[in-house]
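Grab a pencil and work through these exercises on cysteines and charged side chains. Each task comes with a solution you can follow step by step.

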Amino acid sequence: MAISKRKNLKTIAFQIVVLLMSFTLFSKYFYLKTGDYVNLLIVPLFTIYATLYLTKWKQRETDLKIISVTYLFLSIPLFISGFVISPRQYLPNDLFTRYDIDKGVTITLPYEYKNEEARKLSSKAFELKRSQQYEMAREIYEKARKLEPKNPDILFELSATCAHLDKLATAIDLLDQAIQIDSTFSMFYNNRGLLYYKLIENDLAIKDYKKAIELDSTQAIYYLNLALVYYYENMDDKCCQCIQKAENIGFNVKLDRRLRKTKRKYCNKNYSR
């Protein structure tokens, strides 16, 4: 009887570890920051338990065996990429990211530099960012920011750099600061909307895209970004209206696969609404 109880306790303990591992995998694959430090303990603990369960324990439940093997497989990217880069990079892009940070466009911001050294640093950081040396670019932008802490150009470019490094909360905070300095520049709201969109904060993304359009209704990209949010919110009519407005401005929907498929599947050919 004592041996049986010990085995049951051992199984229960492993089931608890499996539940904790479920939380870990969910948080890492869905960009949640919760429990990063706790996960440093959970992942090795689960790996040890699962290995012992699969190789040493005589009595094994089929469900736990399947879960153990599956979770061990899903945990591989955690060891490959560490706990800083999300393992979602190993999954199909369209399934989760919804906003490809690498497909940006270069724009010229209408702000001047008061400090020549800050301008030079910012220019150097921009070249590093363009060559995808994002961490080095971030460090140099931070130096420029110390010289001109209220320069919207630096805040905007630093935000974009942080987004490439998956520091989305920091990127949003930098755009918040830029908007406090100049609340009339539409691109600030558009980029913040993109970040909210990536975080699946769709209500906030919609609000920012609408504000960007209010400030500058000539940019087709604002309507297209808004259309994609409406698409994921199952607001087909509003999605189609935004696509139509983008086309009226001159955007060729055929250039974007997702929008092309959305238009063909959901939108009235004549856009009667």
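**Exercise 1.** Decide whether Cys-239 is buried or exposed.

*Solution.* Keep in mind that this is a predicted model. Start with the relative accessibility of Cys-239, which is 2%. The cut-off for buried is under 20%, so Cys-239 counts as buried.

**Exercise 2.** Find out which cysteines are joined by a disulfide, and work out what the link ties together.

*Solution.* Step one: apply the cut-off, since a disulfide needs two cysteine sulfur atoms within 2.5 Å. The sulfurs of Cys-240 and Cys-267 sit 2.1 Å apart, and a disulfide joins the two residues. By this rule you end up with a count of one disulfide.

Step two: place the two ends. Cys-240 belongs to helix α12, which covers residues 236–249, while Cys-267 is in the segment after α13 (257–266), so the pair ties together parts 27 residues apart in sequence.

Step three: check the neighbour from Exercise 1. Cys-239 is in no disulfide; its nearest cysteine sulfur belongs to Cys-240 and is 5.3 Å away.

Step four: look at the handedness and the cover. The angle about the S-S bond is -90°, and the link between Cys-240 and Cys-267 is left-handed. Both Cys-240 and Cys-267 are buried. Cys-162 is buried too, with a relative accessible area of 2%.

**Exercise 3.** Name the residues that form a positive surface patch, then say how accessible Arg-264 is.

*Solution.* The patch is made up of Arg-260, Lys-261, Arg-264 and Lys-265. Now zoom in on Arg-264, which is found in helix α13. Its relative accessibility is 59%. Exposed means over 50%, so Arg-264 counts as exposed.

**Exercise 4.** How many salt bridges does the structure hold, and which helix has both Arg-119 and Glu-116?

*Solution.* First, the total: the structure holds nine salt bridges. One of them pairs the side chains of Arg-119 and Glu-116, at 2.4 Å from N to O. Both residues lie in helix α5 (residues 116–130), three residues apart, and that's about one turn of the helix.

Next, the accessibility. Arg-119 has a relative accessible area of 37% and is partly exposed; Glu-116, at 42%, is partly exposed as well.

Now try Glu-127 and Arg-130, which form a salt bridge with their closest N and O atoms 2.7 Å apart. This pair also lies in helix α5, with a spacing of three residues, about one turn of the helix. Here the classes split: Glu-127 is partly exposed at 39%, whereas Arg-130 counts as exposed at 58%.

**Exercise 5.** Track down where the partners of the salt bridge between Glu-247 and Lys-263 sit, and pick out the residues of a salt-bridge network.

*Solution.* Begin with the contact itself: the side chains of Glu-247 and Lys-263 meet at 3.0 Å, N to O. Glu-247 is in helix α12 and Lys-263 in helix α13, 16 residues apart, and the pair links distant parts of the chain.

Then check their cover. Glu-247 has a relative accessible area of 24%, making it partly exposed. Lys-263, at 29% relative accessibility, counts as partly exposed too.

Last comes the network: salt bridges link Asp-176, Arg-192 and Asp-208.

Terms used: Residues are numbered from 1 along each chain as its sequence is written. This is a predicted model: local features need pLDDT of at least 70, side-chain atom pairs count only at pLDDT 80 or more; totals for chains, interfaces and linings use all residues. Side-chain values use heavy atoms; hydrogens and water are left out. Helices (H or I, at least four residues) and strands (E, at least two) are DSSP runs, numbered from the N terminus. Buried means under 20% relative accessible area, exposed over 50%, partly exposed in between (1.4 Å probe, protein chains only). Patches are made of residues with over 30% relative accessible area and no salt bridge: like charges are joined within 9 Å, nonpolar side chains (Val, Leu, Ile, Met, Phe, Trp, Tyr) within 5 Å. Accessible areas come from the Shrake-Rupley method with a 1.4 Å probe; for residues, only the protein chains shown count as cover. A salt bridge is a side-chain nitrogen of Lys or Arg within 4 Å of a carboxyl oxygen of Asp or Glu. Lys and Arg count as positive and Asp and Glu as negative; His and the chain ends are not counted. The place of a charge is taken as NZ of Lys, CZ of Arg, CG of Asp or CD of Glu.
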